[in-house]
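User: I am new to this structure and would like a close look at a single part of it. Could you walk me through one helix and its surroundings, step by step?

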Amino acid sequence: MVFAVQNRECVIRNSWKELLYQYMTGIIQNHDHKVLAINGMPDHVHIFIGMRPTQALSALMQDIKGDSSKWINQKGFVKGRFSWQEGYGAFSYSKSHVDHVIEYIKNQEEHHKKKSFYKEYLEFLERFGVAYDERYLFKEVNYDSE
């Protein structure tokens, strides 16, 4: 699963991102799913899980995004009000791809030095045959301008 901060704002800081990932991991584990990898960039998060068929993905994502937004706001990690952008991408992988996907998620910082999130997301949509309207895609973000 991949999802972005509202307006792709680069507000997830190194000083608290691991706490955020731990919090999200707890939400996922409380629903009896298994977190395989979680990482991201200042404006988006990737989560790779082993999902049990006991819950709809949309319900899990609502809990992850809603609870983590509330937690970030309670902790005062950002100025103003934090929220995630509406929507998310969710992609399924076969067992033979698990190790590759975990490595990809672990190496987000290096990966995005070579390819923007926008280009990467378009590739995901095209590779998985997902129809999309470019008006609703995430806008480009320059990570070097932080």
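Analyst: Let's start with Thr25, which is in contact with Val35 and Ile38, leaving aside its neighbours within four places in sequence. Thr25 belongs to helix H1. Please keep in mind that this is a predicted model. Thr25 has a relative accessible area of 15%, and buried means under 20%, so Thr25 counts as buried.

Now let's widen the view to the helix itself. H1 covers residues 14-30, which makes 17 residues. From its first C-alpha to its last, H1 reaches 25 Å, close to the 24 Å expected at 1.5 Å a residue. Thr25 has company among the buried residues of H1: the others are Trp16, Lys17, Leu20, Tyr21, Met24, Ile27 and Ile28. What do these buried residues pack against? Their partners are three strands, E1 (2-4), E2 (34-41) and E3 (44-50), together with two helices, H2 (57-75) and H4 (108-114).

Met24 is a good residue to pick out next. Met24 also sits in H1, and its relative accessible area is 0%, so Met24 is buried. Not counting residues up to four places away in sequence, Met24 touches Phe3, Ile38, Val45, Ile47, Ile64, Ser68 and Trp84. Ile38 appears in this list, and Ile38 is also one of the contacts of Thr25. For a sense of distance, Met24 and Leu57 are 33 residues apart in sequence, while their C-alpha atoms are 14 Å apart in space.

One of the residues touched by Met24 is Ile64, and following Ile64 takes us into helix H2. Ile64 is buried as well, with a relative accessible area of 0%. Setting aside neighbours within four places in sequence, Ile64 is in contact with Met1, Phe3, Met24, Ile27, Ile28 and Ile47. Phe3 and Ile47 are thus listed here, and both are also touched by Met24. Ile64 and Gly89 lie 25 residues apart in sequence and 14 Å apart in space, C-alpha to C-alpha.

How do the two helices pack? H1 and H2 meet at an angle of about 140°, with their axes 10 Å apart. Angles over 145 degrees would count as roughly antiparallel, so at this angle H1 and H2 are oblique to each other. Their crossing is right-handed. On the H1 side, the residues that meet H2 are Trp16, Leu19, Leu20, Tyr23, Met24, Ile27 and Ile28. On the H2 side, they are Leu60, Asp63, Ile64, Asp67, Ser68, Trp71 and Ile72.

Let's finish with the loops on either side of H1. Ahead of the helix, Asn7 lies in the loop between E1 and H1. Its phi is near 60°, a positive value in a residue other than glycine. With 44% relative accessibility, Asn7 counts as partly exposed. After the helix comes Asp32, in the loop between H1 and E2. Asp32 has a positive phi too, near 65°. Is Asp32 buried or exposed? Asp32 has 52% relative accessibility, so Asp32 counts as exposed.

Notes:
Residues are numbered from 1 along each chain as its sequence is written. This is a predicted model: local features need pLDDT of at least 70, side-chain atom pairs count only at pLDDT 80 or more; totals for chains, interfaces and linings use all residues. Side-chain values use heavy atoms; hydrogens and water are left out. Helices (H or I, at least four residues) and strands (E, at least two) are DSSP runs, numbered from the N terminus. The expected span of a helix is 1.5 Å times one less than its number of residues. Buried means under 20% relative accessible area, exposed over 50%, partly exposed in between (1.4 Å probe, protein chains only). Contact means heavy atoms within 4.5 Å. Axes are lines fitted to C-alpha atoms, for helices over the stretch in contact, and angles run from 0 to 180 degrees between N-to-C directions. Angles under 35 degrees count as roughly parallel, over 145 as roughly antiparallel, 65 to 115 as roughly perpendicular and the rest as oblique. A crossing is left-handed if the near helix is turned anticlockwise from the far one by less than a right angle, and right-handed if clockwise.
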